[in-house]
Amino acid sequence: GESLAKCRHEHEFPKLCIPGRLQTIYNKYTFMAAFVLLGMDVLYLDFDTLLLANPVPHLVAGAQNHEVLVSRDLGGECLNTGVVYMKAHPDSAALLTSLLTWLWHHPYEFSQKAF
């Protein structure tokens, strides 16, 4: 579709642009799981996330004793899965597998609530 064409036009490595068949939040976690299971750490950012500085040093420091880092809503305690960092770790893979299974069986549930 239009998003794939835009990605391929703008991206330095257009082969990394992957077509999506369904417009669903399930894809977000499917791709994260694929990369974690391939042994790669994952940093997911929603399209409406604005980075004002390089987040990598903060992520590395924050993840020294954790496998998963998740943002929260500004001024609140609720999780916000607009920014998620996951290490390539068996616990991260297990979390994503469980999450994907739950979302599959609850397709109308809000994914942030499930997370």
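Here are five short exercises, each with a worked solution, on a predicted model of a protein.

**Exercise 1. Get your bearings**

Work out how many helices and strands the protein has, and in what order the elements run.

*Solution.* Start with the tally: the protein has five helices and three strands. Next, walk along the chain from the N terminus, and the elements read α-α-β-α-β-β-α-α. For the overall dimensions, take the C-alpha trace, which spans about 40 × 40 × 30 Å along its principal axes. Finally, look at burial: 21% of the 115 residues count as buried.

**Exercise 2. Put the strands together**

Find which strands are joined by bridges, and name the residues that stand opposite methionine 86.

*Solution.* Begin with β1 (residues 42-45) and β3 (residues 79-86): they run antiparallel, and four bridges join them. Now turn to β2 (residues 68-72), which is also antiparallel to β3 and is joined to it by five bridges. Strand β3 therefore has bridges to β1 and to β2, given that two strands pair when at least two bridges are found between them. Methionine 86 of β3 is a handy place to check this: valine 42 stands opposite it, and so does valine 68. To finish, follow the chain from β2 to β3. Their hairpin has six residues between the strands, and in it glycine 75 takes a positive phi near 75°.

**Exercise 3. Explore a pocket**

Describe the second largest pocket: its volume, the residues closest to its centre, and the make-up of its lining.

*Solution.* The volume comes first, and the second largest pocket holds about 330 Å³ of space. It is lined by 14 residues, and those closest to its centre are Thr49, Leu51, Ser71, Arg72 and Val83. Then ask where the lining comes from. Each of β1, β2 and β3 supplies at least two residues, and β3 gives the largest share, with three. Sorted by class, the lining has eight nonpolar, four polar and two charged residues.

**Exercise 4. Compare the faces of two helices**

For α2 and α4, find the span of each helix and explain why the buried residues lie on one side.

*Solution.* Take α2 (residues 26-37) first. Its twelve residues reach 17 Å from the first C-alpha to the last, close to the 16 Å expected at 1.5 Å a residue. Its buried residues are Lys28, Tyr29, Met32, Ala33 and Val36. Viewed down the axis of α2, these fall within an arc of 125°, so they line one face of the helix.

Now repeat the steps for α4 (residues 90-105). This helix has 16 residues and reaches 23 Å between its first and last C-alpha, close to the expected 22 Å. Ser92, Ala93, Leu96, Leu99, Leu100 and Leu103 are buried in α4. They cover an arc of only 130° around the axis, which puts them on the same side of α4. On the face turned away from that buried side you will find the exposed residues Pro90 and His105.

**Exercise 5. Place a cysteine**

Decide whether cysteine 7 is buried, partly exposed or exposed, and state how far it is from alanine 63.

*Solution.* First locate cysteine 7: its place is in helix α1 (residues 2-10). Its relative accessible area is 28%. Buried means under 20% and exposed means over 50%, so cysteine 7 is partly exposed. Then compare the two separations: cysteine 7 and alanine 63 are 56 residues apart in sequence, and their C-alpha atoms are 30 Å apart in space.

Notes: Residues are numbered from 1 along each chain as its sequence is written. This is a predicted model: local features need pLDDT of at least 70, side-chain atom pairs count only at pLDDT 80 or more; totals for chains, interfaces and linings use all residues. Side-chain values use heavy atoms; hydrogens and water are left out. On a 1 Å grid over the protein atoms alone, a cavity is a set of points where a 1.4 Å probe fits but cannot get out, and a pocket is an open set with protein on both sides within 12 Å along at least five of seven lines; lining residues have an atom within 4 Å of a point. Grid points are joined across faces, edges and corners, and a volume is the space filled by probe spheres set on the points. Ala, Val, Leu, Ile, Met, Phe, Trp, Tyr, Cys and Pro count as nonpolar, Asp, Glu, Lys and Arg as charged, and the others, Gly among them, as polar. The expected span of a helix is 1.5 Å times one less than its number of residues. Buried means under 20% relative accessible area, exposed over 50%, partly exposed in between (1.4 Å probe, protein chains only). The arc is that of the directions from the helix axis to the C-beta atoms.
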